[in-house]
Amino acid sequence: MTFNDPGTQYAQKVVNGEILAGKKVIKACKRHLKDLERIDDDSFNYVYLPDRASIAVKFMEILPDISTGKPVKLAQFQLFIVYSLFGWYRKDNTSLRRFNKALISMARKNGKSALISGIAIFEFLAGKYPLQNRQIYCTAQSREQASIVFNMVVQRLDGLLAQSEAIRKSVRKVRNEINHNPSYSVLKPLSKDTGNVNGLAPTLSILDEYGASSTNEMMEVLESGTILQPNALTLIISTAYFDLNAPMYVQEYKHVEKILDGKIEQDNYFALIYEQDDEEEIHNKEMWIKSNPLLEVESLRDTLLRNLKDKLQEAIEKNDLLGTIVKNFNMWKQGAENSFLPAKEWQACETDPYNKYGRDVYLGLDLSRTDDLTALYEIYPIDNEKFWIDGHSFVATVGGLEAKSKRDKIDYELLIERGYATKTDLKSGFINITQVVHYAARLITEYNLNVQAFCYDSWHIANFISEWEKHYPDLDVPFIEVPQNYKFLSEPIKLFRMGVYERKILHSNNPLLNIAINNAVIKYDNNRNMMLDKQKNREKIDPIVATITGFAEARNYEYQGMDIKQIEAYILSDDFGF
């Protein structure tokens, strides 16, 4: 079956290079074209009906622009979005859309608000399933942000009502709510400031600038409300932000990367991310269309190019490129000026887990306050000057685990379930030092580890060592204090960072260590010696503090290769094979 609709034409132009695009956009377009080839396959559950999408396009193209009051044609990339969302349906019931969730990301000022306001108005007035009681919500982190799309909806809708008496009679606006009387449908803004938002049953949920959200509470409320809605759509649309621990980045962006890479299959999730592939591209205006797709529109190109050029030049002269890279070129970056490590470099060091059994190891312990996290991390020499990092955290539950998860914006329950952390077993909720001691001892004995040094900060260590000697007097390990000051830690921190850049520090994507890396901030003394700043995000950087504590000794390791005992242990382990 051959398709020649505007959405498919755009995908073909991107794939054949006629329209310059970034890697993720190319993958999204290839996905569309590949799925078209699969339609006749019995194992493929979806059908493409572009004529239906053309109805949505025609409707949106009669809506007035908020600046000129005149209708505006959709750009090619906008057509691709609309044809994807309104053209794909389920084979078993062609009333039901294929994509129930979508993530769309692009740089600022590329027409995203105009696009999603058009989608919202179309669903509000012309949605067919359900015919009645459609609930459309424009949501955001703040009331002000949620009102941006809603106000654009109101303004464009007012222009449409002025042209049609029939539509004007069917629509009523009361405060911050618009009602469509014939279908009993509603369109309104929501934010975390709105109050109780439980009990909703959204048919279209728009999460505007979701990258600014520090929690996924609104997403969970909206998605839980769609359980009995067979044709619901959750639409996430946002630029990049400065918080690499934000739910949009950690949960959604990383998830759709795997979808686009073909690592996981989720046919109901549409993803389109316009971003620069490399930071160096910001100095080549021909590449800017990768993050600014509106540059394809000839009438807007010169203005957008000129404004981008001026913004970039000013940022260069002020030596303040971060905001421009993130907002104008849509690249996620760590927001702190003195961030410990760029996320891109740390992610590049991810590898499969190594076999621990029989290996030399350095252990780093960071004992927290009794109501925070405690971290025990392992540094394994795996090759000449190469190390692999693994570890575990212990979570206090003072005030309740759910409350702590909300306060720290970390899903501790999930991390405990997946084995990255252990919940304290004390009724008080405080960290149980004995529990940490038992875990460390089991780790050493079960994996037959040769502990080169058990490194610690002197803070509260007396209790730990006394418990160790009480329970494991025959388990002889060398405990070594690593003072937490500039003199002792500056050089290990520098070498650790250099090791990451040189891909000599490897890890297996431990989420708590990732969070700690993203949160870690460097501070300097008068001689430019460096330390991790424990005063910032104290409870969220324990894993990297423990790692650096252990690395302070591990950096001096002289690699000799495996001895005969280690070789025998490896051959007998589950990891050995041909």
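Rings of Phe, Tyr and Trp, the last represented by its six-membered ring, are taken as a pair if their centres lie within 6.5 Å. By this criterion the structure, which is a predicted model, holds 30 aromatic pairs. One of them joins Tyr-362 and Tyr-557, with ring centres 6.0 Å apart and an angle of 90° between the planes. Planes over 60 degrees apart count as edge-to-face, and the pair of Tyr-362 and Tyr-557 is of this kind. Distant parts of the chain are linked by this contact, since the two residues are 195 residues apart. Tyr-362 belongs to strand β11 (residues 360-366), whereas Tyr-557 is found in the loop between α19 and α20 (564-572). Both tyrosines are buried. Aromatic residues also form a cluster, made up of Phe-454, Tyr-456, Phe-464, Trp-468, Tyr-472 and Phe-479.

In soluble globular proteins, nonpolar side chains tend to be buried together. In the present model, the largest nonpolar core comprises 103 residues. Within this core, the residues with the most contacts are Tyr-10, Leu-85, Phe-86, Leu-157, Ile-178, Leu-187 and Trp-332. For Leu-157, when neighbours within four places in sequence are left aside, the contacts are Ile-121, Phe-124, Leu-125, Val-171 and Ile-178. A second core, separate from the largest, contains 71 residues, including Val-395, Leu-415, Ala-441 and Val-545.

Enclosed space was examined next. Rolling a probe the size of a water molecule over the atoms shows where empty space is left. Over the whole structure, 3 cavities of 30 Å³ or more were found. The largest cavity has a volume of about 70 Å³. Its lining consists of Ala-28, Arg-31, His-32, Asp-35, Phe-80, Ser-84, Trp-88, Arg-98, Phe-99, Phe-270 and Ala-271. Two or more of these residues come from each of α2 (23-37), α4 (76-87) and β10 (269-273). Helix α2 gives the largest share, 4 residues. Classified by residue type, the lining of the largest cavity has 6 nonpolar, 2 polar and 3 charged residues.

The second largest cavity holds about 50 Å³ of space. It is lined by Gln-484, Leu-489, Met-531, Leu-532, Lys-534, Val-545, Ile-548 and Thr-549. At least two lining residues are supplied by each of β19 (530-532) and α19 (542-554), and α19 provides the largest share, 3 residues. The classes represented are 5 nonpolar, 2 polar and 1 charged. Val-545 appears both in this lining and in the second nonpolar core.

Among the pockets, the second largest has a volume of about 1100 Å³. A total of 40 residues line this pocket. Lys-109, Asn-110, Gly-111, Lys-112 and Leu-294 are the lining residues that lie nearest its centre. The elements contributing two or more residues to the lining of the second largest pocket are α5 (112-126), α6 (143-163), α10 (298-317) and α11 (322-328). The largest share, 7 residues, comes from α10. By class, the lining of the second largest pocket divides into 18 nonpolar, 12 polar and 10 charged residues.

Notes:
Residues are numbered from 1 along each chain as its sequence is written. This is a predicted model: local features need pLDDT of at least 70, side-chain atom pairs count only at pLDDT 80 or more; totals for chains, interfaces and linings use all residues. Side-chain values use heavy atoms; hydrogens and water are left out. On a 1 Å grid over the protein atoms alone, a cavity is a set of points where a 1.4 Å probe fits but cannot get out, and a pocket is an open set with protein on both sides within 12 Å along at least five of seven lines; lining residues have an atom within 4 Å of a point. Grid points are joined across faces, edges and corners, and a volume is the space filled by probe spheres set on the points. Ala, Val, Leu, Ile, Met, Phe, Trp, Tyr, Cys and Pro count as nonpolar, Asp, Glu, Lys and Arg as charged, and the others, Gly among them, as polar. A nonpolar core is a set of buried Ala, Val, Leu, Ile, Met, Phe, Trp, Tyr and Cys residues joined through side-chain atoms within 4.5 Å. Buried means under 20% relative accessible area, exposed over 50%, partly exposed in between (1.4 Å probe, protein chains only). Contact means heavy atoms within 4.5 Å.
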